[in-house]
Amino acid sequence: MTVSLFTCSDLATEADFEHFQQQIHQLAQAMQLDLAKYEIDHVAIRVNSEDNARNWLALLTKCGTILSDNIVNGRRIYLIQLDAPLHILGQSVDIVELPFPKNTCYPLESWEHIEIVMPFNEGESISQWLCRLEEKFLWNQLTTLHVKVSEPKVEGEQLPNPSIAVSFADKRENPVCIKVHPYNIKTIIEV
């Protein structure tokens, strides 16, 4: 029997997830990004305490299977494949990322970001991919947005995994984030 994430516990409520979707939609509009054109490959939760992280992990493993358990940039991050996918903004997403806390205190312990795939063009380098997306979307030129570029390092991963994280500059009203990667997370962890 497949168990829905929202029937397992009051940690994950449909109302919280619906609010998260609305905030993601608002951010995508500010980014002038049509999410229907890109694969949402996973959603992520943020927590501030080890106890909350363990509670989320227990809930998620009741509703799915751990795909990956790695140390990324100094902290443990789990990827859980859900038995029943979440539906967000017209797409089915079956991967949830659960990073255990490090030194950051998030304003809200809940759903925090989505990650979408914008593939490399054939023969494109990381710097060319970054430049292409910067020129296409001009996110750095919008003062209402904050843009952070990084390349998470995970032992054993063979593919480059650059990331462009976009959020509102003022996170008081809307603290969510949309991250862009060139590969689907399943491709990254399987290679």
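**View 1. Confidence along the chain.** Mean pLDDT for this predicted model comes out at 89, and 91% of the residues reach 70 or more. Ranked by element, helix α1 (residues 5-8) sits at the bottom with a mean of 64, while strand β8 (residues 177-181) takes the top spot at 97. Strand β8 turns up again in several of the views below.

**View 2. Phenylalanine rings in helix α2.** Here we're looking at Phe17 and Phe20, both in helix α2 (residues 14-30). Eight aromatic pairs turn up in a search of the whole structure. Phe17 and Phe20 make one of them, a tilted pair with ring centres 5.8 Å apart and 45° between the planes. The two residues are three apart in sequence, about one turn of the helix. Phe17 has a relative accessible area of just 3%, so it counts as buried; Phe20 is buried too, at 1%. Zoom out a little and ring pairs tie Phe17, Phe20, Trp56 and Trp111 together as a cluster.

**View 3. His113 and its surroundings.** His113 belongs to strand β5 (residues 110-117). Is this histidine buried or exposed? It's buried, because its relative accessibility is 0%. Its side chain has polar contacts with two glutamate side chains: Glu112 at 2.6 Å and Glu115 at 2.8 Å. Setting aside neighbours within four places in sequence, His113 is in contact with Phe20, His42, Val43, Ala44, Arg46, Glu97, Cys177 and Lys179. Phe20 in that list is the ring from helix α2, and Cys177 and Lys179 are on one side of β8.

**View 4. Trp139 in the nonpolar core.** The largest nonpolar core counts 44 residues. Which of them have the most contacts inside it? They are Leu33, Ile114, Ile116, Met118 and Trp139. For Trp139, leaving out residues up to four places away in sequence, the list of touching residues reads Met31, Leu33, Met118, Leu145, Val147, Ile164, Val166 and Val180. As a rule, nonpolar side chains in soluble globular proteins tend to be buried together.

**View 5. Strand β8, covered on both faces.** Five of the five residues of β8 are buried, so the strand is largely enclosed by the rest of the structure. In a regular strand, side chains alternate between the two faces of the sheet. On one side of β8 are Cys177, Lys179 and His181, on the other Ile178 and Val180, and every one of them is buried.

**View 6. The partners of β8.** Strand β5 runs parallel to β8, joined to it by five bridges. In this pairing Ile116 stands opposite Val180. Strand β7 (residues 163-168) runs antiparallel to β8, with four bridges between them. There, Ser167 has Cys177 as its bridge partner.

**View 7. Two leucines with positive phi.** Most residues other than glycine have a negative phi. Leu89 isn't a glycine, yet its phi is positive, at about 50°. You'll find Leu89 in the loop between β3 (75-88) and β4 (91-99), partly exposed with a relative accessible area of 28%. Leu138, also not a glycine, has a positive phi of about 60°. Its place is in the loop between α4 (126-137) and β6 (145-150), and Leu138 is partly exposed at 37% relative accessible area.

Terms used:
Residues are numbered from 1 along each chain as its sequence is written. This is a predicted model: local features need pLDDT of at least 70, side-chain atom pairs count only at pLDDT 80 or more; totals for chains, interfaces and linings use all residues. Side-chain values use heavy atoms; hydrogens and water are left out. pLDDT is the predictor's confidence in each residue, from 0 to 100. Rings of Phe, Tyr and Trp (its six-membered ring) pair if their centres lie within 6.5 Å; planes under 30 degrees apart count as stacked, over 60 as edge-to-face and the rest as tilted. Buried means under 20% relative accessible area, exposed over 50%, partly exposed in between (1.4 Å probe, protein chains only). A polar contact is a pair of N or O atoms within 3.5 Å; within protein, one must be able to donate a hydrogen and the other to accept it, and residues adjacent in sequence count only if both atoms are side-chain atoms. Contact means heavy atoms within 4.5 Å. A nonpolar core is a set of buried Ala, Val, Leu, Ile, Met, Phe, Trp, Tyr and Cys residues joined through side-chain atoms within 4.5 Å. Two strands pair if DSSP finds at least two bridges between them.
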